[in-house]
Amino acid sequence: MTNSATQATITIPVGPAGRAMAEPMSGELLDLMQAHLNLERQSSADYFAAAIWFAERELVGFAEHLRDEAKQEQEHAAKFADYLISRGQRPVLDTVEPPRQQWTDVEQVIANVFRMEADVTASVLQLYGTAEQDIDRRTTVFLDAIVDAQRLSEHEAAYLLGRVKFAAGNPAAVMIIDAELREGEAEPAKLEG
Ligand SMILES: [Fe+2]
């Protein structure tokens with residue numbers, strides 16, 4: 001049997017990259033997602049600058065820890081790029097600004113690390129609020145795990161800042177923290193047994 005229904009052409013909406021798109025994203029959410037992807041790339045550059053600062057001062061544990069963080073931020077940027085592509089959107093890469101490289105002491109570098117993580121979390125939460133407003137469930141589900149991972153990043157940065165403050169610039173104490181970082185043992189306390 002032939003009728004118009006069986007012969008109907010299936011038309012799938014496509015996004016800017018020409019990929020099949022199940023549901024469009026609002027312009028506001030898309031702009032915020034693009035900005036966030038680039039914030040992760042900026043964080044990576046900032047972490048790398050901090051790693052260099054420590055490498056120049058023979059603080060290998062700090063340098064390698066921050067180098068690993070720089071790599072993680074690249075992975076976070078990639079996660080957002082993957083997500084945008086999965087939604088039929090095109091990731092747009094922006095300029096990465098030259099990171100700050102001059103610091104007075106260890107505490108200032110780590111205080112900046114904490115502030116950076118808090119800023120990234122604020123950006124994720126802004127995305128979350130916009131996705132909720134848009135009733136864009138794919139995005140809120142995607143962001144759920146990222147919000148919790150950010151909380152843990154803040155927790156780790158707060159721990160490191162606390163240790164550094166406790167050391168109060170004492171070289172022997174800073175060396176102990178550096179050794180802990182080198183061995184991958186610099187973790188906040190876990191009370192849950
Ligand atoms: Fe990140």
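Begin by selecting Lys190, which is exposed, with a relative accessible area of 66% (buried means under 20% relative accessible area, exposed over 50%, and partly exposed in between, with a 1.4 Å probe and protein chains only). The model on screen is a predicted one, in which local features need pLDDT of at least 70 and side-chain atom pairs count only at pLDDT 80 or more, while totals for chains, interfaces and linings use all residues. Residues are numbered from 1 along each chain as its sequence is written, and side-chain values use heavy atoms, with hydrogens and water left out.

Now add Glu187 to the selection: Lys190 forms a salt bridge with Glu187, the closest N and O atoms being 3.6 Å apart, where a salt bridge is a side-chain nitrogen of Lys or Arg within 4 Å of a carboxyl oxygen of Asp or Glu. Glu187 is partly exposed, at a relative accessible area of 39%. Side chains of opposite charge can pair when their charged atoms come close. By the rule just given, the count comes to eight salt bridges.

Next, select Glu23 and Arg138, whose salt bridge has its closest N and O atoms 2.5 Å apart. Glu23 lies in the segment before H1 and Arg138 in helix H4 (residues 137-167), so the pair ties together parts that are 115 residues apart in sequence; helices (H or I, at least four residues) and strands (E, at least two) are DSSP runs, numbered from the N terminus. Glu23 counts as partly exposed at 26% relative accessibility, and Arg138 counts as partly exposed at 40%.

Move on to Arg67 and Asp68, which form a salt bridge with the closest N and O atoms 3.0 Å apart. Arg67 is partly exposed at 32% relative accessibility, and Asp68 is partly exposed with a relative accessible area of 35%.

Finally, centre the view on the iron ion. Which residues are its protein donors? They are Glu40 (OE), Glu73 (OE) and His76 (ND1), lying 2.0 to 2.2 Å from the ion; donors here are N, O and S atoms within 2.8 Å of the metal (3.2 Å for Na, K and Ca), and water is not among the atoms, so sites may look incomplete. In sequence, these donor residues of the iron ion follow the spacing E-x32-E-x2-H. Glu40 lies in helix H1 (residues 27-55) and His76 in helix H2 (residues 60-86), so the pair ties together parts that are 36 residues apart in sequence. With Glu40 still selected, note that this residue is buried, with a relative accessible area of 1%.
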